[in-house]
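Reader: I would like a close look at a single part of this model, followed outward into the rest of the chain. Please take me through it in one connected account, keeping what is computed apart from what is merely expected.

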Amino acid sequence: MPLDPHIQKIVDLQKDMPAMHTLPVQKVRAAVEEQFVTGLPKPDVAKVEERMIDGPGGDLRLRIYTPAGQGPFPLIAFFHGSGFCICSLDTHDDMARHLCRGSGAVVCSVDYRLAPEHPYPAGPDDCLAATRWAVAHAAELDIDPARIVVAGDSAGGAMAAVTALRARDEGGPALAGQLLIYPVTDHYEPVKQSMLDNATGYGLMHDTMKWFWDNYLAGRAGDDPYVSPLRAPSLKGLAPALVITAQYDVLLDEGEAYAKRLQADGVPTRLTRYDGMNHGFLFWVDAVDGATKAMAECNAWLRERFAGARDKAA
């Protein structure tokens, strides 16, 4: 299927911009903050507030979205995409709002530390700590600690997958699911076919992904399973997953390989590829049909997971 015409227009608007990996990271961050002001209406939620908690590296900022209705609510610990280096709570505000409103869950969006200033393991440490903090403060947040899902897109998908692994390996918390949206799951070496097929012309470039990884790892090897969850010896016992991938994405192969590994290790997992879409397409909910359908699928799956966890606890 060819690239969706609406996505093609977005890609065309970006084609004359310098590639991220050719610029200083601070300049990329500033440009991205402007680029992701989509102009689309923001989904309404009942309340948005920010908290500062004690994180592993000092103050850790959270943005907490509460839906309309009567609690206690389920919780989504949400980790924004970033290439490990860029983006913020603001760039992913709309996505967090869509998940909050559509799933009926409190969303705790985590402002985890970014590379290169804070290379691995700073980001995953923050994400696990924030998830545990939310569980410990369930009554204060009006959430049900038996109904928790970790979620993220791109590098945030890596953070979600790694948080699920570490929760399994390091004493919890117990999770009801993991929502992985075009996730990073493996180091760029060896090169996957989708890295070659989609290397340029579709937004996220192969060379940019390498730049992200090199900043994140700061010379470390990429084979640690808490770096590359696809390389974990076993995925048994992990929370059920929904994995969303995009046809024109350098991360297509590793996302689908992770879903298949989860399935092979007995983890209930749904894999959905959105043809005609590129990396980052979920920024365009209500403007691009594929994005709107994908967000609807995410929220329907979340509601199913939360209902199943509630019934199991009853």
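**Helix α8 and its surroundings**

Author: The buried residues of helix α8 pack against four other helices, namely α2, α4 (122–136), α6 (155–169) and α7 (193–197). Everything said here concerns a predicted model, and the confidence is worth stating at the outset: the protein chain averages a pLDDT of 96, with 98% of the residues scoring at least 70. One of the partners of α8 deserves a little more caution, since α2 (residues 25–35) has the lowest mean pLDDT among the elements of the chain, 89, while strand β6 (residues 177–181) has the highest, 99.

The helix itself can be checked against simple geometry. Helix α8 runs over residues 206–217, and at 1.5 Å a residue its 12 residues should span 16 Å; the C-alpha atoms at its ends are 17 Å apart, so expectation and model agree. Of those 12 residues, 9 are buried, and α8 is therefore largely enclosed by the rest of the structure. The buried set consists of His206, Thr208, Met209, Trp211, Phe212, Trp213, Asn215, Tyr216 and Leu217. Just after the helix, Ala218 takes a positive phi of about 50°.

Trp211, which lies in α8, shows how the helix meets a remote stretch of sequence. Its relative accessibility is 17%, which places Trp211 among the buried residues because the cut-off for that class is under 20%. Not counting residues up to four places away in sequence, Trp211 touches Met20, His21, Leu23, Val25 and Val28. Trp211 and Lys27 are 184 residues apart in sequence, yet their C-alpha atoms are 14 Å apart in space.

Two other residues of the helix lead into the interior. Met209 and Trp213, together with Leu62, Phe79, Phe84 and Tyr258, touch the most other members of the largest nonpolar core, which has 67 residues. The largest share of this core, 9 residues, comes from α6, which is also one of the helices that the buried residues of α8 pack against. A second, separate core of 40 residues includes Ile10, Val107, Met277 and Leu282. In soluble globular proteins, nonpolar side chains tend to be buried together.

Phe79 gives a view of the larger core from another side. Leaving aside neighbours within four places in sequence, Phe79 is in contact with twelve residues' worth of names that are easiest to read in order: Val110, Tyr112, Cys127, Thr131, Val150, Ala151, Gly152, Asp153, Gly156, Met159, Ala160 and Thr163.A polar residue in a strand offers a companion case. Asn278 is found in β8 (residues 269–278) and is buried, with a relative accessible area of 8%. Setting aside neighbours within four places in sequence, the contacts of Asn278 are Leu3, Ile7, Val11, Tyr202, Ala246 and Tyr248.

Some backbone features around these elements also merit inspection. Most residues other than glycine have a negative phi, and most peptide bonds are trans. Against that background, the bond from Tyr120 to Pro121 is cis, with omega near 10°, and Pro121 sits in the loop between β4 (106–110) and α4. The bond from Gly172 to Pro173 is likewise cis, with omega near 15°, and Pro173 belongs to the loop between α6 and β6. Tyr182, in the loop between β6 and α7, has a positive phi near 30° and is buried, at 2% relative accessible area. Asp142, in the loop between α5 (138–141) and β5 (143–153), has a positive phi near 60° and is partly exposed, at 34%.

Finally, the whole chain frames the helix. Its secondary structure comes to 10 helices and 8 strands. The radius of gyration is 18 Å, close to the 20 Å that the globule rule gives for 314 residues, so the chain is as compact as a globular protein of that length. Along its principal axes, the C-alpha trace spans about 55 × 40 × 40 Å. Of the 314 residues, 58% count as buried, and residues 24 or more positions apart account for 78% of the contacts with a separation of 6 or more. The chain exposes about 12,600 Å², with carbon and sulfur atoms supplying 51% of it.

Conventions
Residues numbered from 1 in each chain as written. Predicted model: local features only at pLDDT ≥ 70, side-chain atom pairs only at ≥ 80, totals over all residues. Heavy atoms only, no water. pLDDT = per-residue confidence, 0-100. Expected span 1.5 Å × (residues − 1). Buried < 20%, exposed > 50% of the residue type's maximum accessible area, 1.4 Å probe, protein only. Contact = heavy atoms within 4.5 Å. Rg over C-alpha atoms; globule rule 2.2 N^0.38 Å. Areas by Shrake-Rupley, 256 points an atom, 1.4 Å probe, with all protein chains shown as cover. Core = buried A, V, L, I, M, F, W, Y, C linked by side-chain atoms within 4.5 Å.
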